[in-house]
Amino acid sequence: MTPADLSLAVLSAVRSAVDGGELAVAVPERVVVERPGPGGAGEWASNVALRLAREAGRPPREVADVLRGRLVDAPGIAGVEVTGPGFLNVTLAGDSVGALVARIGDEGEAYGWGDALRGAGPVAVPEGTELRARVVAEAAGRLVRAQGGSVRGGGAAPVPAGAGRDEAVLGADGSRWALLHPAPHDLAHGAEVLEQRARNPLFRVRYAHARSRGLVVGGAALGVVPGAGPVTGEAARVLTGLLGEQPAVLVAAARKGAPDRLARQLVTLADAFFDFHDSGDVLPRGGEKPGAAHRSRLALAEAAGTVLAGGLFLLGISAPDHL
């Protein structure tokens, strides 16, 4: 079960409690799950009970207890605990990392695409003749359509190649990133997207993808085939969490017509990949024999590269295997 799956399971528990007359609230559109904070437990946590308590006219912990009863027997969930003022803390059953990696392997660069916006009505995306508005609209339209939706406004036609005075200097990919990465109220980036170094966020994202591909090639040369399985360590936990959140990130970016949200998430994901890469050997060293740990770490690294490539594709930016 991925975080996106868990979010749907919690939402289903709310709907079930409402239908069963245990809670008198409006069912929210979506439920966010996050890593537990201080004092929490399990693998994932949700504050949905705190959000619904006032409308329900009941203390948050009572609401949480109702939802716990509906959630605890859901497939893929090993346990649910209520902590603090009313947080739901969930422990997943089985090998959640392996299941996530396997899903990414099955879906490939389309991981996180779906039909969340199908039938929801057109999503408004930026309009205007100014280049930044056109590039943002095009990328926003691609995000919306990846979720089965349609757009209102811009985003219907591609931006012509060669548009913009910066493209000759920054290149097509750098020019697009400079326009898409900043939040709408921030100025577009400039020369830093040319630098092949760590402070350039586009370089970090594309280098993380290239490094992932290089690990898979290197693994093949050593006889190490990626194999989904448990992966331990804090860096692996953080990376897995970000990979699991990617479908929800794509839906949120599509709903808001905001490709900058995806761009910044890719930077966070790339940084987490490098932390994971540096936290332990992905491939055997010296005369070390390949083992299950190498296969599972390589599979997680490969999954990260796949998600980075898929995100760049939605932004209209290439993901080369070599930099």
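## A walk through the salt bridges, a helix and the hollow spaces

Let us begin with a link between side chains: Glu-29 and Arg-255 form a salt bridge, with 3.6 Å between the closest N and O atoms. Glu-29 sits in the loop that runs between α1 (3-19) and β1 (44-46), while Arg-255 belongs to helix α8, so this pair ties together parts that lie 226 residues apart in sequence. The two partners can be told apart by their surroundings. Glu-29 has a relative accessible area of 64% and is therefore exposed, while Arg-255, at 33% relative accessibility, counts as partly exposed. Please keep in mind as you look around that this is a predicted model.

How many salt bridges are there by this rule? The count comes to 13. Another one to find is the pair Glu-138 and Arg-176, whose closest N and O atoms are 2.8 Å apart. Here Glu-138 comes from helix α5 (residues 131-146) and Arg-176 from helix α6 (residues 167-180), so the bridge ties together parts that are 38 residues apart in sequence. Are these two residues buried or exposed? Both Glu-138 and Arg-176 are buried.

Helix α6 takes part in a further link. Asp-173 forms a salt bridge with Arg-206, the closest N and O atoms being 2.9 Å apart. This pair connects distant parts of the chain, with Arg-206 in helix α7 (residues 201-222) and Asp-173 in helix α6, 33 residues apart. Each partner is again out of reach: Arg-206 has a relative accessible area of 17% and is buried, and Asp-173, at 17% relative accessibility, counts as buried as well. The cut-off behind that word is under 20% relative accessible area.

Salt bridges can also join into a network, as they do for Asp-5, Arg-103 and Glu-107. That brings us to helix α4, which covers residues 96-107. With 12 residues, α4 reaches 17 Å from its first C-alpha to its last, close to the 16 Å expected at 1.5 Å a residue. Which residues of α4 are buried? They are Ser-96, Val-97, Gly-98, Leu-100, Val-101 and Ile-104. To read that pattern, recall that an α-helix has 3.6 residues a turn, so residues three or four places apart point the same way. Now look at what lies over these residues: the cover of the buried part of α4 includes β3 (87-92), α8 (234-256) and α10 (292-314). Just past the end of α4, Gly-108 adopts a positive phi of about 65°.

Another glycine is worth a stop. Gly-227 is found in the loop between α7 and α8, and at 23% relative accessibility it counts as partly exposed. Although Gly-227 and Ala-102 are 125 residues apart in sequence, their C-alpha atoms are 8.6 Å apart in space. Setting aside neighbours within four places in sequence, Gly-227 makes contact with Arg-295, Ser-296 and Ala-299.

Next come the empty spaces. Rolling a probe the size of a water molecule over the atoms shows where empty space is left. By this rule the count comes to 1 cavity of 30 Å³ or more, and about 60 Å³ of space lies in the largest cavity. Its lining includes Gly-108, met above at the end of α4, along with Glu-109, Tyr-111 and Trp-113. Also among the lining residues are Gln-246, Leu-250, Thr-306 and Val-307, as well as Gly-310, Gly-311 and Leu-314. The elements that give two or more residues to this lining are α8 and α10, and the largest share, 5 residues, comes from α10. Sorted by class, the lining of the largest cavity holds 5 nonpolar, 5 polar and 1 charged residues.

Our last stop is the largest pocket, which has a volume of about 740 Å³. Which of its 28 lining residues are the closest to the centre? They are Ala-4, Arg-30, Pro-247, Ala-248 and Val-251. At least two residues of the lining come from each of α1, α8 and α9 (259-279). The largest share, 7 residues, is supplied by α8. By class, the lining of the largest pocket has 14 nonpolar, 5 polar and 9 charged residues.

Helix α8 makes a good thread for a second look: Arg-255 of the opening salt bridge lies in α8, this helix is among the elements that cover the buried residues of α4, and α8 gives the largest share of the lining of the largest pocket.

Conventions. Residues are numbered from 1 along each chain as its sequence is written. This is a predicted model: local features need pLDDT of at least 70, side-chain atom pairs count only at pLDDT 80 or more; totals for chains, interfaces and linings use all residues. Side-chain values use heavy atoms; hydrogens and water are left out. Helices (H or I, at least four residues) and strands (E, at least two) are DSSP runs, numbered from the N terminus. The expected span of a helix is 1.5 Å times one less than its number of residues. Buried means under 20% relative accessible area, exposed over 50%, partly exposed in between (1.4 Å probe, protein chains only). Contact means heavy atoms within 4.5 Å. A salt bridge is a side-chain nitrogen of Lys or Arg within 4 Å of a carboxyl oxygen of Asp or Glu. On a 1 Å grid over the protein atoms alone, a cavity is a set of points where a 1.4 Å probe fits but cannot get out, and a pocket is an open set with protein on both sides within 12 Å along at least five of seven lines; lining residues have an atom within 4 Å of a point. Grid points are joined across faces, edges and corners, and a volume is the space filled by probe spheres set on the points. Ala, Val, Leu, Ile, Met, Phe, Trp, Tyr, Cys and Pro count as nonpolar, Asp, Glu, Lys and Arg as charged, and the others, Gly among them, as polar.
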